[in-house]
Amino acid sequence: MIVKLIDFFRDRLPLVIRLSYVGLTLLVVWDVFFVSKEHAHTAVEHIPGFWAGFGFVACVLIIIVSKWYGHLGIMTREDYYDK
Amino acid sequence: MINDLWLHPALILIVGAFILPFLPQWLKRPYLVIVPTLAFLSVLSMQGQHGTFGVISFLDQNLIFGRVDSLSMVFAYIMTLMCIIGTIYGLHVEEDFQHVAAWLYVAGSLGVIFCGDYLVLFLFWELMAFASVFLVWFRRRPESLAVGYRYLLVHTAGGLALLAGLVLRYQATGGDLSFGPIGVGSPSLSTYLILIGFLLNAAVPPFHAWLPDAYGEATVSGAVFMCAFTTKTAVYALARAFAGMEILVPLGVCMALYGVVYAVLENDARRLLAYHIISQVGYMVAGVGIGTELAINGTCAHAFAHILYKGLLFMGCGSVLHMTGKSKFSELGGLYKKMPMAFVFTMIGGLSISAFPLFSGFVSKAMIVASGFEVHNYWAAFLLTLASAGTFLHTGLKVPYFIWFGKNNCSQETWDKAADPPWNMQLGMGIAAFLCILIGSYTPYLYQMLPYPQVAAGYHPYTAYHLSETLQILLFTALGFFLLIKKLAPEPTISIDLDWFYRLGGRGFLWLAQKPIQWADSCVSEGYRYVGLIPLMTMARFWSWFDWHAIDGVVDGLAKSVRGIGSLARRTQSGKLQYNIFYTVSLVAVALVLYVFA
C-alpha cells in the first residue's frame with residue numbers, strides 16, 4: 001500500500017511539485033495576513049515571511065559553507081587511515 | 001545493608017544479564033523482554049516516592065545508590081523504556097554476550113542517574129564505557145577492534161579527568177563527595193576537571209570524535225543502545241551539577257552547528273546520524289548552560305524525545321545495514337519498493353528530530369530555544385534555530401532521500417538482499433515511532449514528568465505563531481534541499497575530524513617505539529650480554545647441575561599438580577585481550593554486587 005501511494009505521487013511528479021509551490025505560497029500568505037505576531041521575540045520577526053527567508057537562507061548557507069569546508073581537504077579518500 | 005526495601009533497576013539488569021547465558025534456548029526470547037520490563041516497572045514503582053535509598057557505609061563515606069527525585073526519574077524512565085525497545089529490536093541476535101554487554105551498559109547509565117555521590121557515579125561511569133565497547137567489538141570486522149580500543153582509550157582519558165577532579169574536590173571540601181549543584185559561580189580546577197569528564201561523554205568538541213568513530217562501527221543493535229545512553233547520561237550529569245554554567249551555552253551552540261556541517265559531508269548513514277547526535281546534544285548542553293527552569297525542562301524533554309527518535313533513526317538505518325550489509329549512500333538508493341516499512345519508520349524519526357508539528361521534537365526542542373529568547377540570548381537562540389534547519393536538511397531529507405529514493409547505487413547483490421527487516425526489528429521501530437507521535441501530539445504525557453511540571457504546564461508549543469514559524473523554516477529548507485540536491489549527491493569519501501590527532505599521533509608513537517626506543521633497547525641488551533650474561537650463564541650451569549641432581553626429586557611431585565591447575569586455567573584464556581577484559585569486568589561487577597547487596 002505504501003509503495004502504491006509513493007508510486008501514485010511519483011507518476012504525477014510535475015503536479016506534486018506545482019502543488020508544493022502553491023502550498024509554500026499559501027503558508028507565507030497565512031503568516032503575513034493571519035498569524036498574530038504577539039509571540040515574536042525580536043523586532044526582525046515582524047518582517048513578513050521572515051522565517052521562510054530564514055529557513056531557505058539557512059539551508060543554502062549550510063550546504064554551501066559545509067561543502068566548501070569539506071573540499072578544503074577535510075573530505076578525503078576512504079582508505080586515508082589505512083595507508 | 002540497604003536501609004529500605006528499594007530495588008535498584010540497574011541490579012535487575014546486572015543479575016538478569018548474568019543469568020541469561022545459562023538459560024535454555026526456548027526461554028531466552030521471553031526472558032529478554034521480561035528483564036528490561038521488570039527494570040522499567042521498578043522505575044514506575046518509584047513514581048511519587050522521592051527520597052534517598054540504598055545508602056551504604058563504606059570506610060568513612062556514605063555511598064548513595066538511590067537518589068530518587070524528579071530529575072533522576074525522567075531520565076530513568078526513558079532509559080529503561082529504551083532498554084526494552086532496544087532489546088526487542090535485537091531479539092534476533094543469538095549471541096548472548098551482546099545482550100549482556102547492552103544490559104550492563106544500561107545498568108551503568110541507571111547507576112549514574114540514581115547515584116547521590118561522585119564515587120558511585122565514577123563506578124557506574126566506567127561500567128558504561130567498559131560494557132559499551134563490546135557493542136563495537138562484537139561487530140567483528142577487522143577495523144572494529146581498533147575502533148573499540150580508540151573508544152576505550154578516549155573514555156579512559158575522560159574517566160581519569162573525572163577521577164582527578166573527584167580527588168581534588170574531596171580534598172577541597174574536606175571529604176564531601178555528594179553529587180549535586182557543583183557551585184558554577186566559583187569554579188575551581190576540580191570543577192573544570194569534572195566538567196571535562198562530563199563533556200567528553202556528552203561529545204562536546206573538541207572531545208567528540210569518538211562518537212561517530214564508534215557509533216558508525218557498532219553492531220546494528222549495539223548502535224541503537226549506544227546512541228541513547230552515553231551522551232544523555234552525560235547530559236543528566238551536566239544538568240544535575242552544572243545548571244547555569246554560562247560557558248555551556250556557546251559550547252552547545254558550537255556543537256549544534258558542528259554536527260550539522262559534518263553531517264553534510266558524511267557518506268555513511270549511521271555516521272551521519274552520529275554527527276547529528278552531537279548537533280542535538282548541543283541543544284541540551286546549551287539548555288543546561290542557560291539553566292532557567294524552562295531551560296532545564298527543555299533539556300530533559302529534549303533528551304527524552306531524542307532518545308526515542310534517534311533510537312528510531314538508528315533502527316531504521318540499522319535495518320538497511322542488517323538486510324543489505326550497506327550503510328553508505330553511495331552504495332544505496334531507490335529502496336522504497338523493497339523496504340517500505342523501514343522507510344516509514346525512519347521518516348517518522350526524521351520528522352520527529354526535525355521538530356515537525358505533531359512529532360516529538362516540536363514540543364521539546366522549542367522549549368530550549370524559547371528559554372534562550374526568554375533570557376535575551378538572541379544569538380544563541382537564532383543559531384540553534386539555524387541548526388534545526390540543518391537537522392531537517394540531513395536527517396529528515398538527505399537520509400531518507402538517498403537511501404529510499406534518489407539515484408539507485410545498489411549493486412545487484414544489495415538490491416536482491418534488500419527487504420523489510422524481521423518482525424522484532426519492526427516491532428521495536430513501531431513502538432519508538434508510536435511514542436514519537438504520542439509525545440508530539442499529547443504534550444501532558446511528557447510535560448508532567450519534567451523536573452518543573454508547573455513551568456512545563458504553562459508552556460504551550462501549539463500557538464499559531466510557533467506553528468507558522470516552524471513550518472516556514474522547515475518547508476523552505478525543503479525547498480532549498482530540492483533546488484540544491486545536485487550539490488548533496490553522495491561522494492565516497494570520509495571526513496577528517498579531530499580524531500586525526502590521536503590516530504596519526506598513535507602512529508607516531510608506534511614509530512618512536514619501533515625505531516629509536518627499540519634501537520636503544522638493543523644497545524642496552526648487547527652491553528648486558530657481554531657484561532652480565534656470560535658470567536651469569538656460568539653460574540647458572542652450576543646451579544643447573546645442582547638442581548638436576550639434588551632438588552628435582554623433591555619438586556617433581558609438586559610440579560605435576562601445578563601443571564594440572566595451569567592447564568585448567570589455560571582453557572579459559574583465549575589469548576584475546578578483549579575477552580580477558582570482559583572476564584575481569586564481569587568478575588568485578590559480581591564482586592561488587594555481592595559486596596553491596598549481600
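Among contacts in chain B between residues at least 6 apart in sequence, what percentage join residues at least 24 apart? The figure is 81%. Keep that in mind while looking around; the model on screen is a predicted one.

**Stop 1: chain B as a whole**

Select chain B and colour it by secondary structure. It holds 22 helices and 3 strands. The radius of gyration of chain B is 26 Å, close to the 25 Å from the globule rule for 598 residues, so chain B is as compact as a globular protein of that length. Turn the chain to look along its principal axes: its C-alpha atoms fill a box of roughly 100 × 60 × 55 Å. Of the 598 residues in chain B, 53% are buried.

**Stop 2: the hairpin**

Select residues 51-58 of chain B, which are strand 1, together with residues 61-68, which are strand 2. These two strands run antiparallel and are joined by 7 bridges. To see the pairing in one place, show B:Phe53 and find B:Gly66 opposite it in strand 2 of chain B. Then move to the turn. The two strands form a hairpin with 2 residues between them. In that turn, B:Leu59 has a positive phi of about 50°.

**Stop 3: the nonpolar core**

Next, select B:Leu104, B:Leu238, B:Val285, B:Leu312 and B:Leu384. The largest nonpolar core has 215 residues, and these five touch the most other members. Add helix 12 of chain B, residues 293-324, which gives this core its largest share, 19 residues.

Now centre the view on B:Val285. Which residues is B:Val285 in contact with, leaving aside its neighbours within four places in sequence? They are B:Ala202, B:Val204, B:Leu238, B:Leu248, B:Leu251, B:Gly252 and B:Met255.

**Stop 4: where chain A touches chain B**

Show both chains. The contact between them takes 35 residues from chain A and 40 residues from chain B. On the chain A side, the elements that give two or more residues are helix 1 (2-11), helix 2 (13-34), helix 3 (50-74) and strand 1 (75-76). Select helix 3 of chain A for the largest share, 15 residues. Colour the chain A side by residue type: 22 of its residues are nonpolar, 8 are polar and 5 are charged.

**Stop 5: strands across the two chains**

Finish with strand 1 of chain A and strand 3 of chain B, residues 494-495. These strands run antiparallel, with 2 bridges joining them. Show A:Thr76 and look across to B:Ile494, which stands opposite it in strand 3 of chain B.

How values were computed
Residues numbered from 1 in each chain as written. Chains lettered and ligands numbered in written order. Predicted model: local features only at pLDDT ≥ 70, side-chain atom pairs only at ≥ 80, totals over all residues. Contact = placed C-beta atoms within 7 Å. Helix = DSSP H or I, 4+ residues; strand = E, 2+ residues; numbered from the N terminus. Nonpolar A, V, L, I, M, F, W, Y, C, P; charged D, E, K, R; others polar. Pairing = 2+ DSSP bridges. Core = buried A, V, L, I, M, F, W, Y, C linked by C-beta atoms within 7 Å. Buried ≥ 20, exposed ≤ 12 C-beta atoms within 10 Å, placed from the backbone. Rg over C-alpha atoms; globule rule 2.2 N^0.38 Å.
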